[in-house]
Amino acid sequence: MAKKTVATLGKGGAKDITKVIKTVRSDKTGAYVFEEKILPNSEVKNFLNK
């Protein structure tokens, strides 16, 4: 799976996007869950501050 993502991001414009992984606490169980998104560089701070 990682190879496919890297191959897709390797094409033109890859410097304009970032894969962001954020740890979020679940309301139901209290366990930590990882939230992953591929965002434009300008949206990274907004995503992490939520």
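## The salt bridge

Lys19 and Glu36 meet through their side chains in a salt bridge, with N to O at 3.4 Å. Lys19 belongs to strand S1 (residues 17-25) and Glu36 to strand S2 (residues 32-40), so the pair ties together parts that are 17 residues apart in sequence. The model is predicted. A search of the whole structure finds one salt bridge.

How exposed is Lys19? Its relative accessible area is 44%, so Lys19 counts as partly exposed.

## Overall layout

The chain has two helices and two strands. Read from the N terminus, the order of elements is α-β-β-α. Strand S1 covers residues 17-25 and strand S2 covers residues 32-40. Helix H2 takes in residues 44-49.

The chain holds 50 residues, and 10% of them count as buried. The exposed surface of the chain comes to about 4500 Å². Carbon and sulfur atoms supply 57% of that surface. Take the contacts between residues at least 6 apart in sequence: 27% of them join residues at least 24 apart.

## Lys22, a buried lysine

Lys22 also deserves a look. This residue is found in strand S1. Lys22 is buried yet has no salt bridge. Which side chain of opposite charge is nearest to Lys22? It is Glu35, 5.3 Å away. A salt bridge needs the side-chain nitrogen within 4 Å of a carboxyl oxygen, so a pair at 5.3 Å does not count.

What does the side chain of Lys22 reach at 3.0 Å? The partner is the backbone oxygen of Phe47. Leaving out residues up to four places away in sequence, Lys22 touches Val33, Phe34, Glu35, Phe47, Leu48 and Lys50.

## Leu48 and the link to helix H2

Leu48 lies in helix H2. Is Leu48 buried or partly exposed? Leu48 is partly exposed, at a relative accessible area of 45%.

Leu48 touches Val20 and Lys22, again leaving out residues up to four places away in sequence. Leu48 and Lys22 are 26 residues apart along the chain. Their C-alpha atoms are separated by 7.0 Å. With Lys22 in strand S1 and Leu48 in helix H2, this contact joins a strand to a helix.

Methods: Residues numbered from 1 in each chain as written. Predicted model: local features only at pLDDT ≥ 70, side-chain atom pairs only at ≥ 80, totals over all residues. Heavy atoms only, no water. Helix = DSSP H or I, 4+ residues; strand = E, 2+ residues; numbered from the N terminus. Buried < 20%, exposed > 50% of the residue type's maximum accessible area, 1.4 Å probe, protein only. Contact = heavy atoms within 4.5 Å. Areas by Shrake-Rupley, 256 points an atom, 1.4 Å probe, with all protein chains shown as cover. Lys, Arg positive; Asp, Glu negative; His and termini not counted. Polar contact = N/O pair within 3.5 Å; in protein donor to acceptor, adjacent residues only side chain to side chain.
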